[in-house]
Amino acid sequence: MTQPAQRPRRGPGRPRQDEADDGPGTQERIRLAARSEFAARGYDKTSVRGIAKAAGVDPALVHHYFGSKDDLFAAAIELTMEPALVIPQILGSGPEGIGERLARYFLGIWENPVSRAPLLAVIRSALTHEAAAAVLRRLILRRVLERVAAELNVPDPTFRAELAASHMIGIAVLRYVVQVEPLASADPERIVALVAPTLQRYLTEE
């Protein structure tokens with residue numbers, strides 16, 4: 001009697017073929033579930049198993065596509081910030097007006113309720129968890145601001161990017177996390193008008 005063929009053994013973290021159903025569609029579902037879970041529960045209380053349950057997949061599939069919880073956290077936040085799409089918009093046709101474009105981008109994602117929730121999670125988590133702080137540094141500083149500054153060919157791009165990041169993150173903490181008045185209820189256009197010249201100076205002046 002012919003024996004049925006056995007499945008090949010899986011390596012660590014590799015899902016079965018029938019678990020890896022629709023590839024990119026599954027990855028996107030996991031990322032969306034992760035963004036929702038991190039936003040609702042914060043970094044510390046969110047687990048890979050909980051994200052897998054929310055996405056309707058096996059936890060091994062989450063590890064297969066994204067690796068560690070930290071990597072998944074980064075992927076979830078990057079889904080909100082979309083640095084690959086926004087950098088060309090921020091750079092525009094040159095350095096003129098880049099401070100305003102950067103301020104509008106940053107405030108725009110914070111003013112949107114859908115993107116604000118996961119960003120609140122990363123800011124709050126970064127205050128108490130080094131892993132979350134590392135994600136914040138990598139995405140806001142290295143994935144966005146350093147790349148913008150480097151494209152402008154100015155001296156000390158890293159230092160300039162850090163100054164710009166400190167300015168914008170400080171606004172985010174006071175306006176959206178601590179909710180200090182009158183900043184918390186100020187018109188975003190007024191904030192852009194006041195902040196843009198400072199960002200412009202950080203990123204473009206010799």
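**Helix packing and core of a predicted all-residue model**

User: Which residues does L199 touch, leaving out those up to four places away in sequence?
Analyst: This is a predicted model, with residues numbered from 1 along each chain as its sequence is written. Local features need pLDDT of at least 70, side-chain atom pairs count only at pLDDT 80 or more, totals for chains, interfaces and linings use all residues, and side-chain values use heavy atoms, without hydrogens and water. Contact means heavy atoms within 4.5 Å. On that basis L199 touches G99, L102, A103, A164, H167 and M168.

User: Which residues touch the most other members of the largest nonpolar core?
Analyst: A nonpolar core is a set of buried Ala, Val, Leu, Ile, Met, Phe, Trp, Tyr and Cys residues joined through side-chain atoms within 4.5 Å. Buried means under 20% relative accessible area, with a 1.4 Å probe and protein chains only. The core holds 62 residues. Those touching the most other members are I30, F73, I90, W110, V122, L145 and L199.

User: Which helix gives this core its largest share?
Analyst: Helices are DSSP runs of H or I, at least four residues, numbered from the N terminus. The largest share is 11 residues. It comes from helix 8 (residues 130-152).

User: How are helix 6 and helix 9 oriented to each other?
Analyst: Axes are lines fitted to C-alpha atoms over the stretch in contact, and angles run from 0 to 180 degrees between N-to-C directions. The axes of helix 6 (residues 98-111) and helix 9 (residues 157-177) come within 11 Å and cross at roughly 30°. Angles under 35 degrees count as roughly parallel. Helix 6 and helix 9 are therefore roughly parallel.

User: How do the residues of the contact of helix 6 with helix 9 divide?
Analyst: Helix 6 supplies A103, F106, L107, W110 and E111, and helix 9 supplies M168, I169, A172, R175 and Y176. Ala, Val, Leu, Ile, Met, Phe, Trp, Tyr, Cys and Pro count as nonpolar, Asp, Glu, Lys and Arg as charged, and the others as polar. The division is 8 nonpolar, no polar and 2 charged.

User: How is helix 2 oriented to helix 3?
Analyst: The axes of helix 2 (residues 48-55) and helix 3 (residues 59-66) come within 8 Å and cross at roughly 105°. Angles of 65 to 115 degrees count as roughly perpendicular. That makes helix 2, relative to helix 3, roughly perpendicular.

User: What share of the protein is buried?
Analyst: The protein has 206 residues. Its secondary structure comes to 10 helices and 0 strands. Buried residues make up 42%.

Technical notes: Helix = DSSP H or I, 4+ residues; strand = E, 2+ residues; numbered from the N terminus. Parallel < 35°, antiparallel > 145°, perpendicular 65-115°, else oblique. Buried < 20%, exposed > 50% of the residue type's maximum accessible area, 1.4 Å probe, protein only.
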